[in-house]
Amino acid sequence: MPKLQFYLLDLRRAEINNRQAVLLFGRTLDNNRICIIDLSFLPYFYVVPKKGMNVQEKLEKLEVERENIISKVVKTELLKKKFYGREIDAIKVYVPFQRDINIIKSIIDEWEIIEGIYESDISYLRRYLTEKGIIISTLLEADADPFNAGFKLDTFLAKSITTNTEDSIKSPKILAFDIETYNPEGRKIDMKNNPIIMISFYSEGFKKVFTWKRFKTDLEYVEFVNSEADLIGKFFQTVGNFQPDVITGYNTDIFDFPYIEERAKKYKLNAKIGLDNAGIRLVKGDNARARIPGIVHIDNYRFIRKAIAMEGGYSLDNVATKLLGRGKKKINIEDLYKIWDQGNEMIEPYCEYNLVDSEIAYELCRKFLPEIIELTKITGLSMDNITRLGYSQIAESFLIRQANSFNELVPNKPDKTEMARRFLESYKGSFVFEPKPGIYDDIVIFDFRSLYPTIIVSHNISPDTIDCSCCDNDSNIAPDYPKEHHFCSKKKGFLSVILEDLITRRTRIKEIGKDNLILKARAETLKLLANSFYGYLGFYGARWYSIESARVITAWGRYYIKQVIEKAQKEGFIVIYSDTDSIFIALAKKSEKDTLDFLINVNESLHGLMELEFEGFYRRGLFVSAKEKSTGAKKKYALLTREGNLKIRGFESVRTNWPEVVRKVQRTIIEGILKTGDAEDALLYLRNTIEQLRNKEIDNKDTIIETTLQKNIESYDNAAPHVVVARAMKDKGIDISPGMKIEYIVAEGEGRINERAKLPEDIKDGGYDSDYYINNQVIPAIEKIFELFDYKKEDLIETKDQKKLDDFWRL
DNA sequence: CGTGACCGGGG
DNA sequence: GTGTACGGTCACG
């Protein structure tokens, strides 16, 4: 029998031949999907006995019966392990099945002769991967015989599995899909009552849209079926035939897959989509997700939301526009239900729309897959997990995997009381040098490269080096931190070793891989991972929780950034702003070269891996004051790059929720001030807008305020403006339900705001309340900016000549 | 103003 | 397979 070579894609736990089994799903070099069953790996956990107690014998005799199932210990081994760096004796306890662990554990928990039980909650599959050194996505070699398990693909029973290469899958078969559903206007999504009306698929050389109403069309990829039930049948059939390695979409975890599952249930369809014939496995709740056994499921929305900060929200259209340079097909999706009811060729553009969504999802997945695979290779986590878990869990998984090679026992998770206690523990964070509100010319920004990770390495901060007994209390102490804790200066800690490795690997990869996409992805990934450990140490749910370590890290962080600030000031630079690891310096009378010399100078004084980096030169910057205060607001500024681009941070209040007229005025004013260096033109522009509002020259649609209705209108006691409008809509016969976006305009006239909030369609051109829009919308949004130039509210509203406006437009 | 509930995204 | 996402806004007392 020749050896099978295959790229590992997914794993599952199963019981086969009355043994605990690992199912390894992969793709062979000659492009077949296969499943290898490995029965060789026994589940286990550790018991640490009290000093001098003989626990091993008692363990080996242990046998429990629960609900007609007998659980017992297969064998034990006495081992020397380490716990927080200290040597201890531990008994490794093997059981036949994963399910036996909790049963056996609950018995041992009561024993007086034990100190503790460890690693009983480490997932069997993760343990398997760690111990065998197997990494998902890489090439494995199996010596295996054919085996009939009744699965959808060739299945083998492994005699041995080896891993000897870092070679990972180059071009996995990705299949993207998207569903469109019947959804009457403004209604909440209702999976129980509203059907799926079309489903699209997209892959390289594969386009398909299935729908169950016929109309005349030339689109060759549209295929008609007879009913929703047939449509869903087609979905399972298409996935089955295509045999994807990766199935992807947008928000598929909580929308498309649950929807398909719900509708399949209605028609009693067998949703055996998993390669082991299991159905879609849905996990509900906050961390909802859909698992398809044997197939990697990447929900782009899930991954992008946690990996990329996105201005303008995470709608597919916005995400695709920003990341791929192309958006969705422009069409009114709210009208789909009406057009569906009509059932004519008006449906056609919606098929195109449906297909484009799949295509975009496909492209997004392709774009991020290299990075996802890299993270998988570094952390050992599955792609499903990498794309869904939070950073603290990724960091922890990584530590667990490393612990094995350090022979370290993994600490247990904290219980509820412990977590509650930790939750209340707080600590001093980073240092912020508050900006003096104002406008500054010629700015340079420096920031520490991976400040916290490099501090961890440089100062040997680690849960196993804190307060060691081999060093005295004065060594290695953070300057402005109470001298309660010290870190070992003789032996390197577990965390510092791991981080040093991550950082040096990243630096090396960054150097050699400037033009290589995969290496770039790997460098980014290493940075991401390195940055997550500081947060992890202070996270109340962490196994290696060490708030003291986190405190010392921020203490050193404050120390280093303050050193840079002081040094800059001593050398005659004007420090404008600093937050955590970055510093904004006004050049004042200094030259560019002076700033770069300063940078070199600072770096000479920093030890180890620590480094201050040049971020960029800026032509001008604007810092406003905080609400009700004269000090500068944190994280709220706007910069103008040398290329003339705007970088606006923290003026977040003016985004959605505000009428267009306000958003536009704020942005234009910031841009004008930054480009000219004074507020004269901006003031003219503002006054002009105010004047236009007064003269009703601003379009009604730019004054629309949008608010989401949170609950049934009957259950509101005090009527907010949007509630009043929602009631009016209901009187007009429009169906109103929670979740609906209510649009309204504040009309001119007497009375309270909520009495004057009206449906846009009920307001004649210019029927809005100019004073309201000027005083409660426009002015608050720009007040702080004009304060920088000593303008008072009264100055802003006053009108003046408009000649200069023409100049302003030419900016 | 403070606290607690709810939302995102999908049609 | 789970807890504890997370950071903001809105409702309500």
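**Exercise 1. Helices against the open sheet**

Determine which strands helix 5 lies across in this predicted model, and at what angle helix 5 runs to strand 12.

*Solution.* Begin with helix 5 itself, which spans residues 252-266 and lies across strand 12 (174-181), strand 13 (196-203), strand 16 (246-249) and strand 19. Its course is then given relative to strand 12, to which helix 5 runs at about 70°. Next consider helix 9 (residues 348-379), which packs on the sheet and touches strand 12, strand 13, strand 14, strand 15, strand 16 and strand 19. The direction of helix 9 makes about 145° with that of strand 12.

**Exercise 2. The order of the open sheet**

Work out the order of the 6 strands in the open sheet, and find which strands form its edges.

*Solution.* Reading across the sheet, the order is 15-14-13-12-16-19, and the pairing is mixed. The edges are strand 15 (222-224) and strand 19 (296-299), each of which pairs on one side only. Neighbouring strands of the open sheet are turned against each other by 25° on average, with direction ignored. At the strand 15 edge, the pairing with strand 14 (residues 206-211) is parallel and extends over 3 bridges, and here Thr211 stands opposite Phe224 in strand 15.

**Exercise 3. The closed barrel**

Trace the 5 strands of the closed barrel, and locate the helix that lies across strand 1, strand 2, strand 3 and strand 11.

*Solution.* The barrel runs 1-2-3-11-10 with mixed pairing, and its neighbouring strands are turned by 40° against each other on average, direction ignored. As one pair within it, take strand 2 (residues 19-28) and strand 3 (residues 33-38), which pair in the antiparallel sense over 6 bridges; Leu24 stands opposite Ile36 in strand 3. The helix sought is helix 3, which runs at about 140° to strand 1.

**Exercise 4. Helix 11 and helix 14**

Classify the packing of helix 11 and helix 14 as roughly parallel, roughly antiparallel, roughly perpendicular or oblique, and describe the contact by residue class.

*Solution.* Helix 11 (residues 391-405) and helix 14 (residues 494-512) pack at an angle of about 105°, and their axes are 11 Å apart. Angles of 65 to 115 degrees count as roughly perpendicular, and the two helices are therefore roughly perpendicular to each other. On the helix 11 side the contact is made by Phe398, Leu399, Gln402 and Ala403, and on the helix 14 side by Phe494, Leu495, Ile498 and Leu502. By class, this contact has 7 nonpolar residues, 1 polar residue and no charged residues.

**Exercise 5. A pocket and a cavity**

Identify which element gives the most residues to the lining of the second largest pocket, and which gives the most to the lining of the largest cavity.

*Solution.* Start with the second largest pocket, whose volume is about 1000 Å³ and whose lining consists of 34 residues, with Ser123, Arg126, Arg289, Leu381 and Asn385 nearest its centre. Helix 11 gives the most to this lining, with 5 residues. By class, the pocket lining has 13 nonpolar, 9 polar and 12 charged residues.

Turn next to the cavities, of which a search of the whole structure finds 4 of 30 Å³ or more. The largest cavity holds about 100 Å³ of space and is lined by 14 residues, with Glu119, Arg127, Thr130, Ile400 and Asn404 nearest its centre. Strand 4 (44-49), helix 3 and helix 11 each give two or more residues to the cavity lining, and helix 3 gives the most, with 4 residues. The cavity lining divides into 6 nonpolar, 2 polar and 6 charged residues.

Note on methods
Residues are numbered from 1 along each chain as its sequence is written. Chains are lettered from A and ligands numbered from 1 in the order in which they are written. This is a predicted model: local features need pLDDT of at least 70, side-chain atom pairs count only at pLDDT 80 or more; totals for chains, interfaces and linings use all residues. Side-chain values use heavy atoms; hydrogens and water are left out. Axes are lines fitted to C-alpha atoms, for helices over the stretch in contact, and angles run from 0 to 180 degrees between N-to-C directions. Angles under 35 degrees count as roughly parallel, over 145 as roughly antiparallel, 65 to 115 as roughly perpendicular and the rest as oblique. Contact means heavy atoms within 4.5 Å. Ala, Val, Leu, Ile, Met, Phe, Trp, Tyr, Cys and Pro count as nonpolar, Asp, Glu, Lys and Arg as charged, and the others, Gly among them, as polar. Two strands pair if DSSP finds at least two bridges between them. On a 1 Å grid over the protein atoms alone, a cavity is a set of points where a 1.4 Å probe fits but cannot get out, and a pocket is an open set with protein on both sides within 12 Å along at least five of seven lines; lining residues have an atom within 4 Å of a point. Grid points are joined across faces, edges and corners, and a volume is the space filled by probe spheres set on the points.
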